[in-house]
Amino acid sequence: MEPRCLPSPVSHAYAGAAGLTLLTWHEPPMGAAVPETVVHDLWARQAFRTPLRLVDGRRLDVVVPGRLNTGGGPDFADARLRLDGALVAGDVELHVRSSAWRAHRHETDPRYDRVALHVVLHADEATGRLCRPDGSVLPELVLAPYLAEPLRDRLAAAPSSQAPPLPCTWGFPALPDADLRAWLRTLARLRLRRRVREVEAAGPDGGQTLLARTARTLGYRANADAFSALAERLPADLLHRLADPLDREAVLFGLAGLLPDPSEGGDDASVAYVRDLRHRFARLAPDAVPMLPLVWNRARLRPAATPELRLAQLAALTDPSGLFGPGGAAALARAFTAPDALPRVLAALAATPGSFWATHYRFGRASALHPTSLGADTVAATIVNALLPVAVAAGATEAQALRVLDALPMERDAVTARFALPKGAVPRSATVSQALHEWYGAFCSHGRCLECPTGKALLRGDTSYAEESVAMPEVIASGQPCPGDLAHGLPCEKRNPLPCVSLETRQDLSPDLSAKISPVIVEKRRADPSWNYAGANTKLSTHCFHGYPAMMIPQVASRILDTYAPNAQRVFDPYCGTGTTLVEATIRGMDVIGTDLNPLARLIARAKCQPIPESLLNDAASKVLDLSLSNGFVPSAQPSKIPNVDNLFYWFKRKEMEDLAMLKAFILEQRDERIRQFLQVAFSETVRHVSLTRNGEFKLFRMPAHKVDTHTPDTFAVFASNVERNRKGLIDYMRTRRGNGKATLYGFNTRDGVPSEVLLAGTVDAVLTSPPYGDSSTTVAYGQYSRLSSEWLGLPEPRAVDKRLMGGRRAKEYRPYGISSLDAAIAGIAGVDEKRSLDVIGFYDEYRASIQNIAPLVRPGGIVAYVVGNRKIKGYELPTDEATVAFFAPFGFEHLETIVRDIPSKRMPKRNSPSNEPGKTASTMNHEYIVVMQKS
């Protein structure tokens, strides 16, 4: 696709002889390849001379290089740059050469609309000729002329992508081989049992489960979630009725949203093939709603792993006459009971798609002839992750499954490499690699060396640990009592895959460990009705901007600052949401730093704290009023465009869509960025108001059908009303502010760390925040609440917000925290629903990791105040207030007090029916806990 933007004359000159002459000084040896990771390293370390010049001649100053993005999309997110003095925010994409932008088709991928800078090591024929997906010119920097060291030296010192061996591997050679093999066999068996339980929990339809697990495995990490979503939309019995593989391809590609419009072009074979598949899909599934193409990730994928080729392979595998046909789970179980089980299964997985795919990895572009069958690693992964668990759940024995694992090759990946097992000690099979993954996930990744039989044996110098290493997991698997029962009062039931070690054992092994498990002083918890603020106006100043789930009220934030940190100069809010802390701190002249993973929340928070000259603000409000009175008619306005919102016609009526599109076009015409942000906040609230969502709900629910016809809001009047209210609030904020306190917004996740360029250790006077009550998918759905507005505004990945937020990832294993009340609650939940207990552990794991990264930032004498809620799950209350104190305690924080306040007004009902049983109700969160600590 040829870019719609034109190259500048400067870019031609830069890519000419003079520019390339400069590049030769840093060229690597002839024929040496430059990994893209080298460019990543150079950018992350800012290892080049300044000042920098773009290829179009503009000066570039890097304020914040951004954070490394390990998923799909641009390489570095949320960078801050100055182009000829103008501050620009956006993403950064890096390549070795400019032409890679087109080779990777970034110019057609909407995820790259926010790329503010393209950084390349070397110029080539594409330099200065690139544009973003929206057609705008792409700013570009060529790094080679500015390198602070020869490139050949940087190549020699390039950081290794392989993690170092685990600390305990030094002792592996001393362990008896038989004991090590027994320990690994036990772990492999436990991993298999856990997966079988997952299959059983998925329901009685083994064929559907087999399809879902196979699809997810084919997606690998990059597209696992997308394949899972596709499998949910795709009934297995529909595939069972389709003997023609082209019909199966049509259904798969159609539901996946990956059938392009033939008019978009491509090679002749692709155009003909796509037309045939689209015709078949329209006939086979006329009412189906396809997925959004944007959910499919293509970044950093090998050609053989493209979503299109993987779907074609899945269509070939699901032949109704094979293992994936009707009764596939039972047939699979029978296959694994045969003496020649593995050859039979391998033959079934050798199915290949049609000849079109031998010369294509995706639609539109032919490629060289290549194999189309699944690779050996993918075949092994499919057997291990999908086929074996389903077969055992359907009747195959555990021993038969382990024999298959013994015959499969060992997985070679970052986890297995870290164990550095002695040569000859154990066979290199899939049984061992599965055991190593279980070992790493259960103990190593959490630093639980003192609970690991191998770790304890090495620390004690006792290398004969066979009895302990095998017995401890076995008592868990068999349901027998385990040593942790008496110490914690926790039932170690059959479903819990990990051993829990008694507190006495921990203390014997490490006195330091027991000291870190500080008891929470519950006596310091007190109820104080004066903190309730029933009937108080919580919409003062810019707090009137935009609703948002579970907001901390300004009276609480204000009182905390005035009571505990009146002289603070720098405040940090690690879960800033829409900026309650930011507003109250800047009103007091304090500098405040906030971070939040939801782009919509950051937009609202930034607008709340951004002063705008009153004359400019009043002029914008006047224009909005004129727009409202004319019902959206603007003679000079550009044609409005309705954005690509998922299920658009389900959530909006045609009239409101057109009105919103006109409003969005009007906002984009405003030249002042501050005014655009101010108007976007009012627009976001308007989107929710005029949509067909139920009023008063945070989650996305459509209003009842009988209300749809009578829902005829005046979109322009709603928008004008929001603007006028916000205008008054912002003027009040600007007149109330004392001093020059500044709010700075970021989008990093404190679970993963705090960038040193943002905050250094010991530089924060106060941390004031209200963290999430729990994982967003089941507690407060921030992402669902924001989705429609974010899609209309074009904010990045609105459907992924809840998964990115704290607790968005389910833990793999059960583990105690050494906090008796929390451990007891988690164990009780596990007794009712194991998956929910793992959700809870996933949340507290990330909560603890976040606190571990935040605690060092606070100076001695500094204050931390967390406003938390203790939610209930399966009837068990989770003591987040106690966990907060315990997680901060190892870093020298003294618990001052915990204030319990009622929540006098909230959208969540006072009682709900968590069990969905008629007549059974339970109270919801009706209290907040203000936990105040001070660093010694």
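I began in the loop between strand 4 (76–83) and strand 5 (86–97), where I found aspartate 84. Aspartate 84 is not a glycine, and yet I read a positive phi of about 50° for it. I note here that I am working from a predicted model.

I then looked up another residue with a positive phi, lysine 874, which has a value of about 55° although it is not a glycine either. Lysine 874 sits in the loop that runs between strand 16 (872–873) and strand 17 (876–877).

Where does the cis peptide bond lie that I wanted to place? I found that it joins threonine 50 and proline 51, with omega at about 5°, and that proline 51 belongs to the loop between helix 3 (36–45) and strand 1 (52–53).

Next I turned to helix 7 (residues 206–233), for which a straight helix of 28 residues would span 40 Å, whereas the end C-alpha atoms of helix 7 are only 16 Å apart. Looking along helix 7, I found a kink of about 145°, centred on tyrosine 220.

I went on to an open sheet of eight strands, and I wrote down its order as 10-18-21-15-14-11-12-13, with mixed pairing. At the edges I have strand 10 (525–527) and strand 13 (743–746), each of which pairs on one side only. From one strand to the next, I note a twist that averages 15°.

Within this sheet I followed strand 11 (residues 570–573) and strand 12 (residues 591–595), which run parallel and are joined by four bridges. Which residue of strand 12 is the bridge partner of aspartate 573? I found that the partner is glycine 594.

I also looked up the helices that touch these strands. Helix 23 (residues 554–564) packs on the sheet, where its contacts are with strand 11, strand 14 (764–769), strand 15 (858–868), strand 18 (893–902) and strand 21 (927–935), and its direction makes about 155° with that of strand 15. Helix 24 (residues 580–587) lies across strand 11, strand 12, strand 13 and strand 14, and I noted that it runs at about 170° to strand 12.

Last, I checked for enclosed space, and I recorded six cavities of 30 Å³ or more. The largest cavity holds about 350 Å³ of space, and I listed 26 residues lining it, of which Tyr575, Cys576, Gly577, Asp596 and Ser770 lie nearest its centre.

Technical notes:
Residues numbered from 1 in each chain as written. Predicted model: local features only at pLDDT ≥ 70, side-chain atom pairs only at ≥ 80, totals over all residues. Heavy atoms only, no water. Pairing = 2+ DSSP bridges. Helix = DSSP H or I, 4+ residues; strand = E, 2+ residues; numbered from the N terminus. Axes fitted to C-alpha atoms, helices over the stretch in contact; angles between N-to-C directions. Contact = heavy atoms within 4.5 Å. Expected span 1.5 Å × (residues − 1). Bend = angle between axes of the 7 residues up to and from the residue. 1 Å grid on protein atoms, 1.4 Å probe; cavity = no way out; pocket = protein on both sides within 12 Å on 5 of 7 lines; lining within 4 Å. Points joined across faces, edges and corners; volume = space filled by probe spheres on them.
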